[in-house]
Every structure is written in structure tokens, then in C-alpha cells.
Amino acid sequence: MGENLLEIKNLSVEYHTDDAVVYAVNNISFEVKKGESIGLVGETGAGKTTIAKSVLGILPQLQAKIKSGEIYFEGNDLLKLSEKEMQKIRGNKIAMIFQDPMTALNPIETVGFQIAEAIKRHNKIKRQEARERAEDMLEMVGIPGERYRDYPHEFSGGMKQRVVIAMALACNPELLLADEPTTALDVTIQAQVLDMMRNLRQKLNTSVVLITHDFGVVADFCDSVAVTYAGEIVERGSVDRIFNNPKHPYTQGLFESIPRLDSNENRLKPIKGLMPDPTHLPEGCRFAERCPYATEECTAAPPEAYEIEPGHFVKCFKVKEGEK
Amino acid sequence: MLRYIIKRVLLLIPTLIGISLLVLLLIDLTPGDPARMMLGASATEEQVEELREELGLNDGFFVRWWRFISGVFQGDFGTSLMTKRPVLDEMLFRFRYTLILVIFGTVFSVLLGIPIGIYAATHQRTWKDNAAIFLSLIAVSMPSFWFALLIIRFFGVQLQWLPISGVDTWTGWIMPCAAMALGLIALIARQMRSDMLEVLRQDYITTARSKGLSNRTVVYRHALKNAVIPVIMVIGGVFGSSLGGSLITEVIFSIPGLGQYIMTGLNNRDYPVIQSGILIIATLFAVIILIVDVIFALVDPRIRSQYTRRNKREGGKKNEKEEETVKAA
Amino acid sequence: MKKKRKQSRLREIWHQLKKNKMAVVSLVVLIVLVLIAIFAPLLAPYSYSEQNVLNANASPSAEHLLGTDDLGRDILSRLIYGTRQSLQMGIFSVAIGAVIGIIVGSISGYFGSWVDNLCMRLLDIYQAIPMFLLCVALAAILGPSLRNAIIALGLGVVPGFARIMRASVMTVREKEYIEAAKSINCGTGRIIIKHIIPNAIGPMIVQITMGVGSCILSGAALSFIGLGVQPPIPEWGTMISEARSVMRQYPTQALYPGICVMISVLACNLLGDGLRDALDPRLKN
């Protein structure tokens with residue numbers, strides 16, 4: 001693992017609706033190294049998908065607004081590129097896998113066409129060649145190439161997700177953004193799809209940003225983790241660090257709310273309360289309201305991210321004091 | 001696909017039988033005796049009774065229905081009570097007028113309505129979109145016969161560009177077709193716009209964008225094809241309303257079409273004219289709906305595949321089998 | 001947030017609707033139209049049938065704000081009285097159509113299987129005759145009058161209501177709370193009335209609002225061809241038809257009643273659009 005492939009700096013994204021402004025992503029920074037796989041973990045509505053869509057520049061144009069920040073990919077700020085230049089990167093160098101395979105495919109085009117379309121867009125090759133490569137992609141994700149001419153409704157959910165993955169990997173992207181790739185699938189299929197993704201990643205040496213709410217998937221698949229809460233990254237570090245030594249009260253709370261077979265405790269400890277309303281975020285630490293250790297300091301102003309170990313960042317006053 | 005078409009054509013038969021029964025029932029419910037109408041008030045009871053017998057009006061409901069239906073199959077639609085001319089001849093003459101009016105009206109509204117709808121949807125929340133929505137709302141809310149009178153007054157009387165009635169020259173068709181199409185253009189534009197916006201929100205559009213496709217490809221290849229499917233369904237209904245609307249347009253512009261014929265028939269209690277006229281229009285309508293449904297099935301692979309050899313169940317089985325082979329590997 | 005959740009569904013709809021200026025304006029316009037219809041005798045400066053042949057086809061003046069028609073009757077007064085007939089046609093025919101449509105649609109959607117099949121085939125047959133042609137035939141058969149035009153229009157709009165009701169009922173039927181109601185031995189009639197209809201009514205509200213508009217439109221057309229309201233009673237469609245004879249010299253006489261039709265139909269359509277957005281805010285963006 002060497003230099004940074006993707007580097008997000010102070011990214012903030014808002015959604016403007018008729019009634020209110022939704023602060024979806026607030027001042028987020030993280031980086032992904034070449035070949036690295038990072039997990040973005042958090043509850044629904046924590047802004048994970050928005051981060052991925054910002055990177056790819058496919059936020060809904062009318063509502064979403066990037067307030068600040070830079071997204072460097074291979075040294076270029078993606079936010080400064082023109083739409084034409086972005087189109088050359090989308091699907092080619094950065095690709096995305098979507099959460100719900102049921103709706104992610106165009107119902108009236110053949111799956112083969114939808115894969116070949118991406119290949120043809122980014123490579124100067126003949127239709128026949130694109131077709132052959134699309135068939136190869138299908139074979140790679142475990143679908144017979146003859147099914148090129150089938151329509152999405154002729155596939156099961158797991159098979160559709162394979163198609164989506166084949167489509168995303170069709171142009172050999174440097175970076176893959178996987179947005180809850182297994183959430184909509186049955187548990188048995190989930191494992192298959194994850195296995196397949198892991199094999200493909202090793203084969204193609206693709207960097208992956210894996211968005212999920214499932215720590216199990218992260219432990220299985222990722223090198224490092226970023227825990228998101230209310231549009232912020234509250235804790236970030238290697239999988240080893242975060243799993244063995246979680247520092248942020250929210251991360252700790254998340255681990256305590258996961259059922260474990262090896263623990264004697266009968267009860268899970270859910271985190272009390274709800275995530276703050278993203279249209280009215282609190283002034284201080286976003287987690288203060290639900291945090292068992294919250295003090296006056298926490299509600300006054302938001303904490304910064306403190307690097308408590310090289311590469312392990314925690315956004316909490318508690319760790320700062322602990323260091324003192 | 002052929003199976004689907006055959007199935008639909010077979011389904012037409014009970015529908016048409018139902019319509020013929022319905023029409024006969026309507027006529028039976030009509031107050032006023034056609035025989036009395038023909039002979040006038042001065043005729044005696046016996047004369048009226050005699051004519052009723054002669055016309056077969058005293059026969060039972062199903063006897064009359066059978067006579068009508070068997071006549072239709074032999075190309076005999078009866079004779080007009082008023083003009084004494086065979087209904088079929090008259091209708092064949094008038095049919096083309098109505099058909100031209102309805103087809104041009106529908107074609108116009110589709111050719112203009114769809115692009116307007118796409119334009120509005122792709123310029124959402126700009127003044128262009130607002131203007132398109134507002135104008136189409138006005139057009140939908142306007143009585144078409146009133147609009148017809150206004151354009152006659154302006155283009156016919158004031159400017160004298162177009163003939164105010166009659167369709168002896170092709171210029172005579174312009175205003176009737178415009179009057180027919182106006183509301184329908186707006187209707188289709190509104191439908192197209194909302195379908196397009198709905199489709200543009202779908203996940204697969206985001207997928208298409210994430211592949212790096214140009215906006216043009218995303219909108220015209222991925223979104224438009226999906227959005228047009230529900231619009232096709234609306235076109236059937238549009239055709240129906242223009243068939244109904246042609247009635248008034250024909251009256252206003254003095255076009256000797258089927259609508260006028262039925263209107264005269266209704267006023268005179270000329271039941272052979274009424275029943276044949278309505279049956280013809282309903283048949284035409286049913287055939288159009290059939291064509292629209294077939295086009296629909298051709299465009300949408302989800303429906304098409306239900307009727308092709310590799311039907312859904314086999315497709316499902318295939319999936320399971322593959323899932324298993326993958327598992328094994 | 002919590003407060004909002006406690007609000008009843010109707011208040012929630014109203015809350016959403018209030019945000020749509022066009023819809024609110026339309027609602028106001030419709031209320032004003034209803035008031036005009038109710039208080040027509042108080043508002044109209046003249047009687048609708050008072051003729052003055054010496055002052056026929058007069059231009060607008062202080063006495064006759066919109067002028068007089070070819071029989072010297074005050075056009076403004078006739079427009080005001082005309083509101084009564086047009087609104088009656090819109091509202092009562094939709095009432096007839098909606099009641100029958102709701103009954104047919106609920107039965108068809110709730111019972112499904114052969115009942116549904118039968119109802120749908122019958123509706124197919126019924127709908128094979130274009131709606132306006134059917135209305136014309138019914139109005140002609142029943143004889144031209146306001147009442148018969150209302151019946152004809154009402155019967156003409158039944159299929160639309162029935163189909164929407166059926167679709168809503170079919171989706172609601174599968175919901176858990178219906179399962180729950182059945183499990184505590186609720187009678188079928190009670191389930192339909194207490195649970196299914198109130199929950200399926202959303203799309204119906206939109207259809208009803210829009211339906212009033214389209215019935216006003218079709219009603220005017222019926223009157224225009226002489227199958228609706230009969231002279232001398234004023235109705236907007238009849239007025240357009242009467243103004244036709246003097247269209248060449250006095251085109252404005254046809255203009256006013258047409259504008260009246262347009263405004264009322266436009267108001268219905270805008271309110272319908274607003275209600276649809278309010279009922280399903282997702283559609284708005």
C-alpha cells in the first residue's frame with residue numbers, strides 16, 4: 001500500500017428541500033490508499049451514500065449542494081472537473097455498486113447491453129468486441145455468457161447484484177464504491193457475493209470504499225474503518241484498532257449493540273435515543289445527547305478529530321482529556 | 001407474441017357481443033316509438049302497429065339482437081328509417097371523414113405532446129418548464145368547441161386564411177384537427193412530463209449516470225424508453241376521447257362524419273343508425289386499444305417474455321440452478 | 001416532528017396543500033364560484049330571462065357591465081345564473097359516478113377472483129364506447145334536461161372511479177391491519193366500510209376533484225349541442241351556442257362563458273394536482 005488514491009478533505013454536502021436544509025455530510029475527511037479497502041460504517045441516514053455519490057459527482061442536481069471541500073483522485077480535484085471530464089472518470093476509473101439490485105438495472109434493456117454500454121463508452125472498440133468483453137465479465141461473476149441477452153426481470157436478486165458488480169468492474173476501475181452491496185440480499189447469497197467481491201478485488205487490485213451498517217462485513221472485507229454519525233466521521237482507524245480498542249462512545253455503543261455468541265450477557269445494550277434531525281443539528285458534539293459521558297463542554301462546541309495513535313482518529317473530548 | 005395477439009383478438013369477440021347487447025338495451029330504454037316518429041302524429045294506432053310489426057319491433061329482445069348480429073355478419077347493417085338508405089353505404093362514406101379527423105388529431109397530439117413533455121421534464125423548475133405546464137393546463141381546461149369557435153372567428157373570419165367550414169380542400173382540415181388535438185396535446189404532454197420525472201428519479205438512471213454516459217444518452221436512451229411506456233397506454237384513451245370529441249368537431253365544422261350521422265340518428269330515433277354507428281365506433285376503439293396493447297407488449301420485455309417460449313417460470317428455474325452451481329463452485 | 005405525527009391525516013394533507021399557492025388560490029376560486037351559485041339572485045343585477053330587444057347586442061356599459069346578448073338579456077346576470085347549472089353538472093354527476101364507482105370498485109377489488117373478473121369484463125364493454133359518445137347517447141335517450149345530463153355524465157364517469165377504487169382496495173387488502181381485523185371476526189361489510197374505504201380514499205379525492213372539472217367541461221359540451229340545459233335557462237355551454245349565431249359581429253359574447261368554463265375547470269385541475277402532491281409528497285420533486 002502506497003500513496004493515496006482518493007483523498008477527501010473537509011467535504012460538506014447539503015440538500016435543499018422546500019421546507020428545510022438537510023445537512024447530510026459535514027466536514028468529512030479521509031483517504032483511501034491504492035489497493036486499500038475502507039469500510040464506511042454508520043446508521044441509515046448518516047450520510048454514507050451521499051459521500052459516495054459526491055465522489056462520483058452523481059448527486060441529484062436540483063437539491064444537492066456541495067458546500068465545501070475537495071475530493072482528490074489521483075491528484076486531481078474531482079469537484080473542479082467539468083461534467084465532460086467527470087464522465088470519462090465515471091464507470092472507468094471510479095465505479096459504483098448500488099444498494100438495491102432490484103431497481104439498479106434498467107428493466108427494458110438486456111443485462112448484456114447494460115454492461116457492454118459501459119465498456120464501449122470508455123474504450124475505443126467495436127461493438128462485437130464490447131459484447132465479448134461483457135460476456136467475459138458475466139462469466140467472471142459466475143453467470144453464463146449466454147445470458148447476455150436476458151432482461152433483468154429474468155434474474156433473481158443475487159444474480160442481479162452479480163450483474164451490477166460485473167457492470168461496475170467492466171472497465172477495471174481503480175476505485176470501487178460499494179454502497180451496501182449485500183444488504184438487500186438473502187443471508188446465504190450475501191456471503192457468496194462478498195466472497196466473489198473479495199476474490200475479484202485481489203485479482204484486480206481495486207481499492208474499495210465499502211458502505212455498510214454491518215461490522216461483520218467490515219471485519220470480513222476491509223483494512224480500515226470510518227465510523228459515521230450524523231454526517232461526520234467520529235472515529236477512523238485500522239480494522240484491528242477499531243475492533244479491539246474502540247475509543248468513541250458511539251463506536252463503543254455500536255459494538256455493544258451487536259449480539260455476540262461468546263458473551264455471557266443476556267441483554268444487548270442499544271444506544272438510547274435517535275440520531276439528531278439532520279435539518280437541525282446540535283451546536284456541539286452531535287452525539288452528546290445520547291452519550292453517557294457527555295459534559296457541558298460537549299454541548300458547547302463540536303470536538304475536533306484527535307489522532308490518538310498514528311492513523312487512529314477520534315472526534316471526542318474524552319480522548320483528549322484521557323491523553324492529558 | 002403471436003399467442004398474445006390471438007388471445008387478445010379472441011377476447012374482442014365477447015366485448016363486441018357485449019357492446020351490441022348494451023346498445024340494443026339503450027335503444028329499448030328510449031322513450032318514444034320509432035314507428036310513431038316515422039308516421040307522424042296523424043297516423044292511426046293500426047298503421048303504427050302495422051309498421052311496428054313490419055320493422056320487427058314487436059319481437060323479443062334476443063330475437064332482435066340475433067337478427068341484428070346475423071345481419072352484421074352478412075354485411076347488412078339495416079336500413080335507415082329516415083332516409084331509407086342502407087346504413088352500411090352511408091357509414092362507409094362517412095367513416096373516412098371521422099377516421100381522418102381522429103387519426104390526424106391523435107397523431108398531432110402525440111407528435112407534439114411527447115416532445116413538449118420531455119422538454120418540460122428536462123428543464124424542471126425553470127421558467128420554460130413552468131410555462132409549458134401552465135399552457136398545457138390551460139389547454140386541458142379549455143372547452144374544445146369553444147376553442148374551435150375562437151379559431152374560426154380569428155383565422156376564418158378575421159384573417160380569412162382558412163375556410164370556416166367544410167373539408168373540400170385540405171386547408172379545411174387544419175382547424176378541425178387543431179381543435180381536436182389541442183386538449184390532447186396538453187394531456188399527453190402532462191403525462192409525458194410526470195412519467196419522465198418519475199423515471200429520472202429511478203435508481204437505474206443513477207446507475208446509467210455512474211457508468212459515465214452522457215446526459216443525452218441517459219435521458220434519451222435510458223429514461224425516455226421507460227417513460228414512454230405508460231404514455232403509450234394513454235394514447236389508447238386519447239384515441240377514444242378524440243372519437244367522442246369528433247362528434248362536436250364534425251357538427252361545428254360541418255364535416256359529414258360518423259358522429260354527425262349518429263347525432264341525427266339519435267334525434268330521429270333512427271335505431272338502425274344508432275346501433276350500427278355506435279357498434280362501429282366501439283369496434284374501432286377496441287381495435288385501437290388492442291393495437292396499443294400489442295405495441296405495449298412489444299416495447300416492454302417484462303410483458304413480452306410472458307408470452308414467448310422462454311416464459312417466466314423457466315427463467316426462474318434457470319436462476320435457481322445457476323445459483324446452485326455457483327454455490328458448488 | 002412529534003407534533004406533526006399526532007396530527008390527523010386530513011390536517012396533514014391540508015398542511016401540505018397550504019404550501020402550494022396555486023392550489024390554495026384554486027380552492028378559493030371554487031369556493032367563490034359555489035357562493036356565486038348559491039347567492040345568484042342577490043348578485044345578479046338583472047333577471048336571467050329579462051329581454052329587451054331594443055337594447056340587443058349592446059356593448060359593455062355601466063348598466064350592463066358585459067353588455068347584452070342577441071335578445072337584449074344582461075350577459076353578466078346570465079353568467080352568474082349559469083354558474084348554478086354548470087356547478088350542478090360538475091358536482092352531482094361526479095357524486096353519482098363516485099358512489100357507483102366506489103361500490104363497484106370496492107366489491108371487485110375486495111372479493112377478487114370471478115367477481116372481479118366479471119366486473120372488469122363488464123367495465124371493458126362499457127368503456128369500449130367512448131365516454132363522450134356514451135354521454136351523448138344517454139342524454140339523447142333520456143331527453144335533454146339538466147337532470148338527465150347529470151345522470152348521463154354520472155354514468156359516463158363510473159368506470160374511472162371504479163378502476164381507481166379497485167386498485168386502491170387491492171393494495172390495501174393485503175395490508176396487515178386487514179388481516180388483524182379479520183382475525184378478530186370483523187364482518188366483511190364492516191371491514192370494507194371501516195377499514196378499506198377510508199384507507200383507499202386518497203387517490204379518489206384527486207380523481208373526484210379532477211372529475212368535477214371534466215364533468216363541467218363535458219356538461220358544457222352537451223349543452224352546446226342542445227342535449228343539456230335548455231334555454232332560456234342560462235348555462236355556459238348553452239350561452240356559447242347561442243352566441244355562435246352572432247359570432248361574426250359580436251365575438252366577445254362567446255368569449256365570456258368560455259372563460260368561465262375555463263376558470264372553473266382550471267381551478268379543479270390545479271386543486272387536483274395540488275391534492276395529489278399533498279397526498280404523495282414524493283411525487284413533487
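Which pattern does chain C follow when read along the sequence? In this predicted model, chain C follows the pattern α-α-α-α-α-α-α-α-α-α-α-α, and its secondary structure accordingly comes to 12 helices and zero strands. The C-alpha atoms of chain C occupy a box of roughly 75 × 50 × 30 Å, taken along the principal axes. Of the 285 residues of this chain, 47% count as buried, and among the contacts in chain C between residues at least 6 apart in sequence, 70% join residues that are at least 24 apart.

Chain A contains an open sheet of eight strands, whose order is β6-β7-β8-β3-β9-β10-β12-β11 and whose pairing is mixed. The edges of this sheet are formed by β6 (94-97) and β11 (306-309) of chain A, each of which has a single partner strand, so that one side of each is left without a neighbour in the sheet. From one strand to the next, the twist averages 20°. At the β6 edge, β6(A) is joined by four bridges to strand β7 (residues 175-179) of chain A, and the two strands run parallel; within this pairing, A:A178 in β7(A) is the bridge partner of A:I97. Helix α1(A) packs on the sheet, where it touches β3 (37-41), β6, β7, β8 (207-212) and β9 (224-229) of chain A, and the direction of the helix makes about 150° with that of β7(A).

The surroundings of this helix were examined further. Nine of the nine residues of helix α1 (residues 48-56) of chain A are buried, and the helix is therefore largely enclosed by the rest of the structure. The buried residues are A:K48, A:T49, A:T50, A:I51, A:A52, A:K53, A:S54, A:V55 and A:L56. The helix is followed by A:G57, a residue whose phi is positive, near 65°.

One of the buried helix residues, A:S54, also appears among the contacts of A:L11, a residue found in strand β1 (residues 4-16) of chain A. A:L11 has 24 C-beta neighbours inside 10 Å and therefore counts as buried, given that a residue is classed in this way if 20 or more other C-beta atoms lie within 10 Å of its own. Although A:L11 and A:S54 are 43 residues apart in sequence, their C-alpha atoms are 9.0 Å apart in space. When residues up to four places away in sequence are not counted, A:L11 touches A:V25, A:I28, A:G69 and A:I71 as well as A:S54.

Technical notes
Residues numbered from 1 in each chain as written. Chains lettered and ligands numbered in written order. Predicted model: local features only at pLDDT ≥ 70, side-chain atom pairs only at ≥ 80, totals over all residues. Buried ≥ 20, exposed ≤ 12 C-beta atoms within 10 Å, placed from the backbone. Pairing = 2+ DSSP bridges. Axes fitted to C-alpha atoms, helices over the stretch in contact; angles between N-to-C directions. Contact = placed C-beta atoms within 7 Å.
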